[in-house]
Structures are given as structure tokens and as C-alpha cells.
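Dear colleague,

Please find below the structure I am handing over to you, together with its sequence. My findings follow directly after it.

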Amino acid sequence: MSAYNPNFVPPAHAPVPLNGNNLVNGLPGAGQQQHPQPPPSAAQQYLAQKQPQQFQQAPPAAGAYPGAAANKFLPPTSAVVGGPPPLQLPPSTVPPSTLPPHLRPPPTTNANVNGPITNGSNGASSANSSRTASPRPMGAQPQQQPYGQGPVAAALGNPPRASPLPTSQQQQPAVANLTNSMQNLNLIPNRTNGATGSGSALPPQQQYPQQKDYRSLGVAMAQARPPQFIDDKGTTSGIAPNVMPSPFSGQKPPNLGPLPSKMFGTAATPDRPAPPLAGQRVAYGVPPPPSTEQQNQQNNNPQKAAPPPGTAWPAGIQSPQSPPTQQVQQPSPYAQAYPPPLQQQPLPPAVQPPPPGMFGTQPTGAPLQYQAQAPPQAYGQQQLPVQPQLAGPAAFGSPAPLNVAQQGFSRLWGQDTIDLMQNRHILSPATLPPPKVVLHNQFHESINCSPSIMRCTLTKIPESNSLLQKSRLPLGIVIHPFRDVNSLPVIQCINIVRCRLCRTYINPFVYFVDSKMWKCNLCYRVNELPDDFQFDPATKTYGDVTRRPEVRSSTIEFIAPSEYMLRPPQPAMYLFLFDVSIIAQQSGYLEAACAVLNRHLDEMPGDARTQVGFICFDSFVHFYSMAEGLNQPHEMTLLDIEDPFLPRPDSLLVNLKECKELVRDLLKQLPKRFAHTHDPGSALGAALQVAFKLMQASGGRITVFQSCLPNKGPGALEPREDPNNRSAKDVAHLNPATDFYKRFALECSGYQVACDLFLMNQQYSDMATISGISKHSGGCVHHFPLYQKTKPHMVDSFRTCFKRYLTRKIGFEAVMRIRCTRGLQVHTFHGNFFVRSTDLLSLPNVNPDAGYGMQISYDESLTDVKTICFQAALLYTNSEGERRIRVHTVCLPVTASLPEVMHSADTEAIVGLLSKMAVDRSVASNLSDARDAFINATIDVFNSFKIAQNLPSGQSGQLIAPRSLALLPLYILGLLKHPAFRVGTSTRLDDRVFAMDCMKTLPLDQLMKYVYPELYKIDALIYHARNSNSSTTQDDDEEEDEPLPELPRLQLSAEHLDSRSIFLMDCGTLIMLYVGLNVPSDVLETVLGISSTAELGDYVYGLPNVVSNENDVLKRFILRLNYDKPYSALVQIIRDTSTAKGQFIERLSDDRNDSSLSYYEFLQHIRAQVK
């Protein structure tokens, strides 16, 4: 039976003592014996070259050891056939012996090599019998390695170091002693099923021997114990207590060889983990180490040689009470069930890579998502630090959690992923910025078109249509062409440089061949530059062509010369049509409209040629003449509404500057003129016909105020809505009932006339039909349902909106064309306009509050290009009669990688384009198809991402999404619950149609607040106000300049509501303040000027003026929210117990209601559909 001291249990691969002693139980090893050294193999030469770099430590300084006796406590080594060289322990980690004198080993003597194997001086080799047989890799070829071969010989064959320790020549007898002992114990010869064979060496071609089948003992026991071998006496050797489970416990071994990093860990250091304390539990599945008596019985060694308590154990030697350390991966007992992969031909020593798992490389036997996970281990085992996985961008997107380095690189590459099921609160605390376009050109990136003007659904364009179809993402752009811009370069030049082939305007992304030639970035034609292009109008000097404003700004405006005019620029022409029926008089809108118009008459855009006119209609049409010589307006009534005509066309449109007093007088008389009429008729069609006849000569804008269903004359309509079916799943009557209004709009568009509609209805007015006058003429629609002059908040809201409408800038007789790089084209447009040709939009009027959307298709592949460009050119006449061209150019990179396409998605632009497409789908088909299209689009996108990232199928509980698309399900759910697309909730048909119109015409920034409002908790504002009020003594002007704290944005769920706080929800045109029931009275008093919530009514609008710092800070925060809006939003205050609470709760789209799912339930539905 083999015998050794359990108190000196070395690790699986411990170095040979450098002084030639092979110590077991503190006794010297056998005598030295010389053996010839055969030439080393290629693998051994490689390991010999690699050993000084990866395994050896710095040589100890002279006198580092107190004596040679200290080296006797170094454990023996175990040579692994074909494995890596043993780790050389640093001398600094070997402390001097602290054993009592009677336990210290005697000095080294030259014993008889062929002497008997006992427990005495010559039993060193026998003692190592149970731990010198190291496992080989699966599929490795075992062979006998005499002295001079293998990693041990390679390690000992290094040149002698400057050290008092013996050289390699003095260590050879110890290795020979070890080899003879292994031969005597028959551990090197062939083993089959755990039995030893003859003493001959294995041939190199023999396969790895089969291990004893331990499956009957359980996987955990088999992994925790090494195989037991039978010695030459027929007895079983003991099991070392320091055996650890395989790093891939319960899994197929992924590599062909043992992992040195798993076997060795790091170099032994004095700060080893402390042994487990008494009473601590051992991990399930790992057998506890045998007791000291069992170890002594197994090893036939009753001697106990342990340092006294509190003494550190020598480096490389494990305490018997300490938990097992990391060791060689033992061959799995069920390794035969998994045949090893085919081996490749070995590389030459000069180019052969280090084994997998080495420091500096990473294991490649498992996918990246599993390499990042730590292997299972038992209690007390040391955990190796996971090396950073510096993989390429395509490796990310795995469902497993990544380490810090991987997450950092993923964010750096813009390819971060997230599990939506585990991150339900996905909304970013701050407002999400638009994704950045990376062009690898700092100048081009800095001057690219602003995302507030033009955004593409993908910031990296797929190189082919097939790649786009694989991504299942829509390709299109959303544009806000006439947006108010603070610093817009305006250029007036004789020649506007354009491409002679495609007529593209010169822009920053063209290529200058030289100072006389430039290459178009859309069609790639080389064009000549005019001579005056070298002149810089900013500096009034001649110089570099790249200094021109046209090539330094992607948004620029040209003053067009005369060749861009078909006729002289038209003057600003405004015609107002007022509904004066009995319903209109009861609503009282006319009084508010005339008052706002009279107040802001001078602020309307125009010049000295500006003209205005007014027409009223009920069952008849009323004209107002303001000719010269009249002291007051003269009214004329048209009774024949079936064949309308102009009674006096010369004085119905008058010059505003010349007849301003008559206009003001008329605006004061109109509300009183029809105050006592009771005519229920509305001849809208006839009024529109005479208005067109009045405007067709010059073009302009018709503003229509309608309060009821048109029921007289041309275009008369009948009620179609069934109030009992407002919550039905199949919504009917989304299409117009007649094409009268559409034909009228198209006729107006041909004469540069646009129609805008203000619907102030008390009842159903068939907006789906009458809104056609605006949809097809480039106009806009405003809706104020249930308008009443007795509702001050509605009056204020209408006044604010109408003021913005009157005073905002306007462009007349406009056309817009979208140009694309060769290979792309625009195939579908969304918005209010008329398509005159394939890429030309007719916009009789263009306003700064209108947005548009376009879908892009492929004509040919983009394989040979690196970037593509979209250019939008808007030609219009401003209110001063000046013809101008506003040009926007955006440049985007092209990619051939599907993961890059998925990670470059712009969620907000996608939602904006999908909402426009869904409106057309609802009108062309039905609302159910549009809702299904939303859900199917979401499922298709996540399916495509799963395929692009090679994510395993059938994973339960996970919904992996790229960070760029993480908010897509949240916004899609908001669309499904929006009044435009919701079902199961009572929604008036006019409200639904208006919501759909907003989906098509709102700019993207306003649309996102309309779809998914912003929710804030304003406690931080109140704290900031009180803190600044109590700690500062600045003036009021200086306090206003203090920056406001950034409030985190909350998801729309009632779980965030607190009865002790105040919440603010920004819905775009409406801001709601939700006041909790238990808000402190001092907060109520300083913010709202009340002592308790009971003082708040059910419907309270407007923020009260309170002289307090808290009230001022809240007003500043609301002003900041309104900064980018066309006009200030109406503020509504809702207490917790108010009847208006339902208006606030219905906008919490993350929560479940009677007819729709919650956000988490929607994620579960999406996850179940993703295959």
C-alpha cells in the first residue's frame, strides 16, 4: 500500500525540488542516477521556450533561504505527458521550516536506488504513487518519457540561475529517482479500466485509456474524486483530499487538453484564503475531506507532522483542514459518451499557439456567452478571475450576463444588448438623444444635418435590399423641413451650383477633384465649378473652395434668382371663413377668434401687399365688402348656394395696410351680427367654392372655422357615427363619405391655395370627410372638441393655438423634392400634400409645425459605396415675396453586416414612420389590420435580431433586444393604446380621425410626446427651491439663472405614483399636475397657494401665481418643457380624488385596463411569438 503523509499534500502539478530531494513525510528521496538524454520533441521545445515567459518566476536572491533544509519542504512534481511545464514557485513564497526539531527531516543521503520500498528513507517514490499519475487530455497519445524529455526535463534543462540552489545537473538524480519509483509502481505502463499492466511503455499511437466507470456513483462524486488506481500489490491507493471538481462539471469537456489556468491558477502567495471555520457548511455534491484518522489508515502513516497552530503553511502545500484547491482537471468518467473533436495537425514550434486557457488567451471551446460565466465550484475553492473577452462586435448580444470589460466594449461599439424581461423599467431617466451617425470623418459628423430636421430610421444603411429584408426594419426618413432655425445661413449668389445630371445642390459631402471640378455625391457625375465660387461671401475674399458656406453647412438657404420663378412672387393672401350657424353661436368661438385676430393683426407675416378677406356662412353665404370710400363694411348675402358666384370680386379681398380700420371694425361687429340668429344650416361647400374663386388668381391661404356637420348645398353630409359602437373592435367610417372635399383640395393645390381647418364641434361633424380640404392641399387641422365659451381653459387653449397660427412664418407656392443616392428612391410619402410627380411634393402652403415621412426602396445594390445621402430641397416664397430654396442634406454610412444594421436602428424614427404607415393601413383596410401590423412588426424585428446574433432558440424567460430597439415594445404599446388605434375604449370618431391626422403631420419630437407622454416627480424641484431659498441671498435675477435639477423620467405606470408627492405629465399640448392626497400642507401652500387638497376643484386649469421660490421653480421647469413646442401647453391640476383623475390614469399606458395588456404582459406576448 502506498504511504504518504496527508499533512503534505501537494497540488496536482507541483515543481520538483530544486535541490534534488524528493521528500515524502519529511524524509530524503532515493539516490541519484544518471540517464542519457534523448533529443527533445517539437512540442517539448515549444514548451521549453514558453516556460520562462509563462511559468517561471524571478530567481531568488542570494541568501533568500536560511538553509538547504528549507528546500526539503517543497512538494514533489508530477510530470504530465504532453502537458505544460510545471509552475516554478517563487522562492519568496517558501518560508523556513518551523517544525519542531524531532519532526524535521534528516539531512539528505545517497540511498540505494534499487532498495526496498518502505515508509522509511527510500519510500519517497512510493509515497507519491497516488499523485504522480496525472491525467492526460482526451485523445492525447500517452508515451513513456524517460529522463530528459517532457516538461520536467524542459524546466530543468534551463541554464543555471544565480542562486545558491543546486543546478540542473545536481537535480537529475532526483528525477531519475522519481522515474524509477513510477516504473516500480507500474503507473506509467498501460492502464485499462483502472488496472495496471506490464512495465513497458505505451506506444505513441495508443489511444487514451478508458477510465473506470463512475456513473453509478453519481456525477458529483465522480467529479469530486480522481480515479483510484491499483498498485502492483493489488491494493487501492488512497485518494488525495485536495481534489477539486472539473471546471466543466456536468458538461462535455470543451477542450482537448487540460487548462493550465484552471490547474495552476496564479502563483502561490502568502495571502491564501483562510480555511473554513467550524460550523460552516460544505457545498452540496462535494464530498468532505476524510478525517485525519482515515488518512493515516489509508496511507499507513500514524505520524502527524503539522506546524503548530498559527504557523503559515509552506507555499504550494495545502493545509489538511483547508478547502481543496484548484487542481488538474480529471478525465470525466463519462468521457467516452462524448467523442473528442478531430485534432488538427500540430503546428511547428515557432508558430504553435499556447494551449487554450493560457494567460493572455481565452478558451474557445464554448460560446462567448458561456465563457463569461464562472465554472461551478465547491465551497472554499478559489475562483479564477475571468479574463476580459476582447472579442469583435459580432460576439456581443449574448443572453448571458457579460463582465464589465465586455459591457464597456459593447457600449463603445454601440452594440449593447438587454434582456427586456429582466429590465422592465427600461425607459431612460433622461430624455433619449438621437443616435449618433458615425461617418469616421469628424468634419462630416459635425456638420451633418440636425436630427431635429431630418432623421433616418437606420443610422447605417444596408447595402442591399435582401439585407434590409432580413432585418425586418422599415427604411425611411422623417423630415421637418420648415422648422424654425435660429442660425440659418442665407446666401445670395448669381449662380447656385448644382449637378448637371441629377440637379443636386452642392453640399458638404461632395468630392472636390480640384479647385475647378467637383463630384456629385448622389449620381457621381463630375461637374465644373463657376469662376465666382472661389469667392467667400463671408470674408469677401477669394480662396479655398471648401470655405464656402454651401460646403460647410448641411442646412442652408439660397435666395433664388429669377429662373426659379414661374411668375412674380405672390403676396400674402389670407381669407377667413366663419361658421355662424346656431351651434356656432352657442359655442361662442367666434368672439374668441375675432378678438385674437384683432389683437394680432399687425403681427401676421406679410409686407405692404398683404390682403385679407372674410366670409361667413350658415344656410347662406355672407360676403363683406370693404371698398374705398366706405365708412363701415358692407354685407352681401348669397342665397343661391347650389350655384354660387362672387357678387363683387374687386373689394372682397382688401389691402390690410390700407383698410386696417375697416377690418378692425368688422371683427368687432361679427360676434354681435349673428348673436340672435337661429339658423341650423351649414353651407360649407358653397362657401368653399366662392372662396376658391376669390383666391385662384393669386393663391394664398383659406382658414375655415367649422362647428357642425355641413348639411346644406354642395358637399352636404349625413351623420354616420353610431354612438353605441364607439368601443367596437371594427371601427367604421374612417374613409370620407364623399370625394367632394378631396376634389376641391386638389383643385386648390393646382392654384397654390391651401385650406386650414379649425373644427370647434359640439357633436359629430364627420372630420374624416371634411378634413380632406387640408390633407390634399398642404394645410393643417386643429380640433377643439366640445368647445364652449363657458370653459375658460378651452378658450385659453384655443387663443394660444390661434395666436401661434396667425403669427408663425409661412411659405407660399412651395414644392419639395427628395433626392437620394443612386440605387435608392422614395416610393411612398406621408403627410398633408399633393404628389405632383414621383419625387415632387406640391405644398401650396408650408408651415414650421408640419412634418413629413418618406419610405425608401432599392433600385440597385450599394455594394460599391461607403456612404449614401438624402437631400431635401424646399422651394417657397416667403411672406415678404422673396423666392428662397432651403436645402437639407444628411449623410449615412453603408454596412454589409446584419448585426450592425440592427444596432443602428433609430427607435423614435421607426415609431414615427410606422405610425404614418398604420394610418394609411387603417384607411385602406381596417383598424384591426393596422393593430396587427404593429405587433407583427415588433415580433419580426426581434426574430431578425435573434437570427443576426445567433442566439439559441427556445430560451424561456428571455427577450433579448439591442439597446437601440429596447424602447420599441414600449412605444408600440403606447400606439396600441392611443386614441388613434385603440379598441375597447369609447372613442368619438372625430377624435380618432384627428389623432390619426396628428400621427401623419406632427414633427417627430412632438409626436413622441403625443404617443408616450413624459412623467416626472417634482419633489426634487421643491427640494431645490427650498435649498436655494434658505442657503443663498442672491437677487431674483441671479436665482432665475440657476440651472434646474434634472428630473428622472418615469414610465407611465401607477406603481410610481405616491400620495405624498406631486407628479407632472407632459402630453405635448397638455401638461397635467397630479397632486397626491397626502402632500404636506406647506408644499401645497408654497406651490399651489392652498392649504389642503380639498380646496382643489374637480377641473382646475392654469398654475396659480404664488409668491414663493417653489412656485417660481415649477414655472421655470414648465417653460423649459414648452421651449421646443409651437405654443405653450395648457396646465391642468388634478387631485387624487377628482373626477378628472380618469384623464390622467388613461394615459398610463404601461398599466393594464379592461381592453388591453400591461407592458409586461405585452412583453410576454412578444416573447412567446419570437421563435
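The sulfur of C520 lies 3.6 Å from the closest cysteine sulfur, which belongs to C502, and this is too far for a bond, because a disulfide requires the two sulfur atoms to be within 2.5 Å. Please note that the model is a predicted one.

The cysteines were examined further. A search of the whole structure returns zero disulfides. C502 likewise takes part in no disulfide, its nearest cysteine sulfur being that of C523 at 3.5 Å. As to their surroundings, C520 is buried, with a relative accessible area of 1%, whereas C502 is partly exposed, at 23%.

The second topic is a sheet. Four strands make up an open sheet, arranged in the order β4-β6-β26-β23, with antiparallel pairing. The edges are occupied by β4 (454-456) and β23 (824-830); each has a single partner strand, so one side of each remains without a neighbour in the sheet. Neighbouring strands of this sheet are turned against each other by 25 degrees on average, with direction ignored.

At the β23 edge, the pairing can be described in greater detail. Strand β26 (residues 852-858) runs antiparallel to β23, and six bridges join the two. Within β26, M854 is the bridge partner of F829. In general, the strands of a sheet pair through backbone hydrogen bonds, in either a parallel or an antiparallel manner.

Yours sincerely

Notes: Residues are numbered from 1 along each chain as its sequence is written. This is a predicted model: local features need pLDDT of at least 70, side-chain atom pairs count only at pLDDT 80 or more; totals for chains, interfaces and linings use all residues. Side-chain values use heavy atoms; hydrogens and water are left out. Buried means under 20% relative accessible area, exposed over 50%, partly exposed in between (1.4 Å probe, protein chains only). Two strands pair if DSSP finds at least two bridges between them. Axes are lines fitted to C-alpha atoms, for helices over the stretch in contact, and angles run from 0 to 180 degrees between N-to-C directions.
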